[in-house]
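Me: I'm new to this one and would like a close look at a single part. Could you walk me through how some of its strands sit beside each other?

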Amino acid sequence: MVLYTDKMRIIESKNPYTGEIIAEYNLYDSSRIEKILQAATKLQNHWSQISMDKKRELFLSLARLLRKKRDELAILITSEMGKVLAESEAEIEKCSLVCEYYAKNAEDFLSPINIETDYTKSYVVYNPLGVVLAIMPWNFPFWQVFRAAAPILMAGNTIVLKHASNVSGCALAIEKLFIEAGFEENILTTILIRGNETSSLIEDNRISAVTLTGSTEAGIAVATVAGKNLKKAVFELGGSDPYIILADADLNSAVEKCVTGRLLNAGQSCIGAKRFIVVNDIYDQFVTAFAEKMSKAKTGNPLDKFTTYGPLAKMEFCRELNSQVTKSISAGAKILIGKKTFNSNKPIYMPTILTNVKPGMPAYHDELFGPVASVIRVKDEREAVFVANDTMFGLGAAIFTQDIERGTYIAQNLLQSGCCFINDFVKSDPRLPFGGIKNSGYGRELSLWGIREFTNVKTVVLK
């Protein structure tokens, strides 16, 4: 929740489960922002000349520090945005892994590439762009920042971080971690501002590029400003990932993976499983087993080790999700498990399965950002692929089948998404490029492709 008054501008960090105000932070004024931009620009010129060996040493130090502070950082994540503690701990571990991955591989990824031509010598080098503005969301408050920061910084850029307001404590903790690990101040600097103040940052000549993870609406707004100012941008936006379950799928495994993919982070994930497209031959068996497994999920205090999933990050998210569910039911969807009406005094949304989902319903077209599963019956594989692609999104997808050759063909050639998993739920991995198509964004993070996104791919020719 963000509270503004005439005399001072304050961000409240609020525990979504207890309603307790954890901390209050003053928003930065123009003078402080100007100093940050000056410092980030000055440091970038120096940082770009630092050896890869030194950068590698710093990121390995950061990885060790993350593991050392894992428990306290995980509690901070859970307290600010509500995911269960085990998931917060796993998030910190994943941040350590991405630091180690780029420490090990960045030099090879950015090595010059010789190209044979008629010239005496011709080759490509990768130069940093400058200061990158990172606009990050609350749902994975550490991972989203680190998966962008590790490649961007190893490439020689510096970062100004505009994080989601409800995880300002996480944002400031990340900034502090870099300094504790031995990085110079201003290598990654947090700016606490309103979302609608971001445009002036993008327009500033000292910002060379923008990376954003967030909703499609946020992406459109930022892309508009970045485009007008000809700024390089990478967007990882919303998703409504289709999971196709074919007749020959291993039912038990498919159900387990589908439930995990839907309930991870209480369903608040762009690459969460959202639309379950089941062929008629196995539909009844799948839905019965799916409902039984989903019903066993245990909600409650996310700090309790027995809790399966925690609250949504804000009460308003529950209301928005309930509106989508209610409209879908009014249009003919059936509720298999869950409640038709949200009436909790905490932002906890019960696991919900909607069946008889058809075109025209929010459950068919929209991104449901919470523990609500849309199950769609189709007659065969061909219709399943059509329905999977019948969306404005294209982030992730999955297919469940024991015919690996056929599943591979569908994943590789037919499904319209940035990544497609066979017999598993979709997840990001530092070793693999990550991103989407259509309204799910453009550009790639992670792997070789992620580090080259924020470089000037420069051709050098010797006559």
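Reply: Sure, let's start with a short strand and its neighbour. Strand 4 and strand 5, which covers residues 121–128, pair in the antiparallel sense, with 2 bridges between them. If you want a spot to click on, try N114: its bridge partner in strand 5 is Y123. Keep in mind that you're looking at a predicted model.

Now step back to the sheet around that pair. It is an open sheet of 3 strands, in the order 4-5-19, with antiparallel pairing. Strand 4 (113–114) and strand 19 (455–462) are at its edges with a single partner strand each, so one side of each has no neighbour in the sheet.

For another set of strands, go to strand 9, residues 207–213. Strand 9 is mostly covered, with 6 of its 7 residues buried. Strand 9 pairs with strand 6 (residues 131–136) in the parallel sense, over 5 bridges. Strand 9 is also joined to strand 10 (residues 232–236) by 5 bridges, and these two run parallel.

L212 is a handy residue for seeing both pairings. Looking towards strand 6, I135 stands opposite L212 of strand 9. Looking towards strand 10, L212 stands opposite F235. To get from strand 9 to strand 10, the chain passes through helix 8 (residues 216–228), making a β-α-β crossover that is right-handed.

Definitions and conventions. Residues numbered from 1 in each chain as written. Predicted model: local features only at pLDDT ≥ 70, side-chain atom pairs only at ≥ 80, totals over all residues. Heavy atoms only, no water. Buried < 20%, exposed > 50% of the residue type's maximum accessible area, 1.4 Å probe, protein only. Helix = DSSP H or I, 4+ residues; strand = E, 2+ residues; numbered from the N terminus. Pairing = 2+ DSSP bridges. Right-handed = clockwise from strand over helix to strand, strands pointing away.
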